[in-house]
Amino acid sequence: MTAPEKPDLEKKSAAERAAPASSRAADFGIDTTARTTGQAVAGYLRGLRTGELGALPALLGLLVLLVLFSALDSTGTFPSLLNLANLLQQGAGRTIIAMGLVFVLLTGEIDLAAGTASGLAAAVMALHLVSGGNLLGGMGTTVFVLFLLVVVLAIVLALLLRIWAGAALSAVALLLLVIGFPPNPWLQMLLAVCVGVVIGCITGFLVARIGMPSFVVTLALFIAWQGIILALIGDGGTLGLRDPVINAVANGNLSTLGSWVLFVVAAGGYAAVLLNRQVSRRKLGLVAQPTGLVLIKVGAVVVLGAIATFLLTQNRSPGDTLIEGVPYVVPIVLALLVIGTYVLDRTRFGRHVYAVGGNREAARRAGIDVVRIRASVFVIASVFAAIGAIVYSSKVGSVSPGAGGGNTLLFAVGAAVIGGTSLFGGRGRISNAVIGGAVLATVENGLGLLRQPAAVVFVVTGLVLLLAASVDVLSRRRSAVAGR
């Protein structure tokens, strides 16, 4: 009886394989039920009640701060176009560092050295500019040779960790240092980024492969990098960045035409991604957001983007000098946001980052290279730190021995946490750092315009961070109770 039934079974299997995607999805227990707009909104509200708050508290807090400071500032300076544009430029450096720290925080680790790592990258870039391209003369033979050895070490460690991009960029740093090049702002900024990669490879190896606690390692490196910065610049010294290209990074603006082109590309890209995802999920028979809700999201982004672009393309100078256009830092932050979001949401590496942060042992048993993932996030964080260093050094126009120290790291970590990234790992998005960075920049800028002393600024910032951490803990507790 078994032999005659075999062809039927094979025929049935072939039929199952030829079934529509929606049918196969249903066989494997995938929810393919379409939802209305009302059901989608109800599901979102249900998620809020069970602790899935995301960036909502930060967004509401940012809105309250904008309204509050606009009302309290009797001079009308805070809501002016000039101040809002300055707000974007002032907070961009720390925000970019915070975006890199999100990768580290997602794995449940911490990088206390990100601040001074950014300062070291900025110091090398500025020293090359000031010394006329002669880093050997600027550093001195002993320091220069030791620096080369550290770069070689980073290449070896990256190869051991199988982080090929880290090894390649560290090799680029070695090549730039050994061969040398005349002052060139683009190569100097590339060198700064490569120095960030070198730092990340060393940090990642110590944490992931050696197994040292990230708090201890990064605290030690925080102090070490600060000492190297001091050795490169000198106690009380300052390295000026008198290059029009580097200065324009944080102080320049797009033309009016360029600003509108940026709007079309950004808004059009956002609309294309959301609508393509909507069509793809519907074709596969998977749950998709109601089309009306997707169109509302796209419309809101287009309208808000158009208003912001229109306002920023107006002359915002109080004097005779013409100042108009979207600041250069906006497309820089947007590009990093898009790349980081794509990596975390649409790649296997990103899924592995969340898996390691959610349950490291379960991720290891699932075949994920936990060591490589944990090391890679430190490399990414250091790259973002170096880019952030270029931006904030461009804003102030110089690099001092305290670059990246003090409150730079604390504000960067605070931005990530305030925006909704969890300190416990496994929960967060790159956009959280952008929102949190906007909150901190608004607090600092608004209190400064109200002529509040530094003590008040620090106290208020600390309370905001404490509130964000409390919200994170409470939301996780509610999620655990709800079984999420």
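User: How many Å does helix α6 reach from its first C-alpha to its last?
Analyst: This is a predicted model. Helix α6 covers residues 114-130, which is 17 residues. At 1.5 Å a residue, 24 Å is expected. The reach in the model is close to that, at 24 Å.

User: Is α6 largely enclosed or largely open, and how many of its 17 residues are buried?
Analyst: Buried means under 20% relative accessible area. Helix α6 is largely enclosed by the rest of the structure, because nearly its whole length meets that cut-off. The count of buried residues in α6 is 16 of the 17.

User: Which residue with a positive phi follows α6?
Analyst: The phi in question is near 70°. The residue that follows α6 with this positive value is Gly132.

User: What distance separates the end C-alpha atoms of helix α5?
Analyst: Helix α5 runs over residues 81-106 and has 26 residues. At 1.5 Å a residue it should span 38 Å. The distance in the model agrees with that, at 35 Å.

User: On which residue is the kink in α5 centred?
Analyst: The kink in α5 is about 45°. Helix α5 is also mostly covered, with 19 of its 26 residues buried. The kink is centred on Ala92.

User: Which residue takes a positive phi just after α5?
Analyst: Its phi is about 85°. The residue just after α5 is Gly108.

User: How many residues apart in sequence are the parts tied together by the salt bridge of Arg360 and Glu109?
Analyst: The side chains of Arg360 and Glu109 meet at 3.0 Å, N to O. Arg360 lies in helix α17 (residues 360-365), and Glu109 lies in the loop between α5 and α6, so the pair ties together distant stretches of sequence. Those parts are apart by 251 residues.

User: Is Glu109 buried or exposed, and what is its relative accessible area?
Analyst: The cut-off for buried is under 20%. Its partner Arg360 is partly exposed, with a relative accessible area of 36%. Glu109 is buried, with a value of 8%.

User: How close are the N and O atoms of Arg374 and Glu109?
Analyst: Arg374 forms a salt bridge with Glu109. Both residues are buried. The closest N and O atoms are apart by 2.7 Å.

User: In which helix does Arg374 lie?
Analyst: Glu109 is in the loop between α5 and α6, so its pairing with Arg374 ties together parts that are 265 residues apart in sequence. Arg374 itself is in the helix of residues 370-396, which is α18.

User: Which residue does Glu361 pair with in a salt bridge?
Analyst: The closest N and O atoms of this pair are 2.4 Å apart. The partners are 3 residues apart in helix α17, about one helical turn. Glu361 is partly exposed at 34%, and its partner counts as partly exposed at 47%. That partner is Arg364.

User: Which residues are joined into one network by salt bridges that share partners?
Analyst: The count of salt bridges comes to 7. Arg360 pairs with Glu109, and Arg374 pairs with Glu109 too. The network is made of Glu109, Arg360 and Arg374.

User: How many Å separate the C-alpha atoms of Lys395 and Gln90?
Analyst: Lys395 is in helix α18 and counts as partly exposed at 27%. Leaving out residues up to four places away, it touches Asn86, Gln89, Gln90, Ala250 and Asn251. Lys395 and Gln90 are 305 residues apart along the chain, yet their C-alpha atoms are separated by 7.2 Å.

User: What is the relative accessibility of Thr218?
Analyst: Thr218 is in helix α11. Beyond its neighbours within four places, its contacts are Ile110, Asp111, Leu112, Ala113, Thr203 and Phe378. Thr218 counts as buried, at 0%.

User: What accessible area does the nonpolar surface patch with Phe215 have?
Analyst: Phe215 is in helix α11, residues 214-233. The patch is formed by Ile210, Met212, Phe215, Val216, Leu219 and Ile223. Together they have about 550 Å².

User: What share of the protein's accessible surface belongs to carbon and sulfur atoms?
Analyst: The protein has 484 residues, and 44% are buried. Its accessible surface comes to about 23400 Å². The share of carbon and sulfur atoms is 68%.

Notes: Residues are numbered from 1 along each chain as its sequence is written. This is a predicted model: local features need pLDDT of at least 70, side-chain atom pairs count only at pLDDT 80 or more; totals for chains, interfaces and linings use all residues. Side-chain values use heavy atoms; hydrogens and water are left out. Patches are made of residues with over 30% relative accessible area and no salt bridge: like charges are joined within 9 Å, nonpolar side chains (Val, Leu, Ile, Met, Phe, Trp, Tyr) within 5 Å. Accessible areas come from the Shrake-Rupley method with a 1.4 Å probe; for residues, only the protein chains shown count as cover. A salt bridge is a side-chain nitrogen of Lys or Arg within 4 Å of a carboxyl oxygen of Asp or Glu. Helices (H or I, at least four residues) and strands (E, at least two) are DSSP runs, numbered from the N terminus. Buried means under 20% relative accessible area, exposed over 50%, partly exposed in between (1.4 Å probe, protein chains only). The expected span of a helix is 1.5 Å times one less than its number of residues. The bend at a residue is the angle between axes fitted to the seven residues ending there and the seven starting there. Contact means heavy atoms within 4.5 Å.
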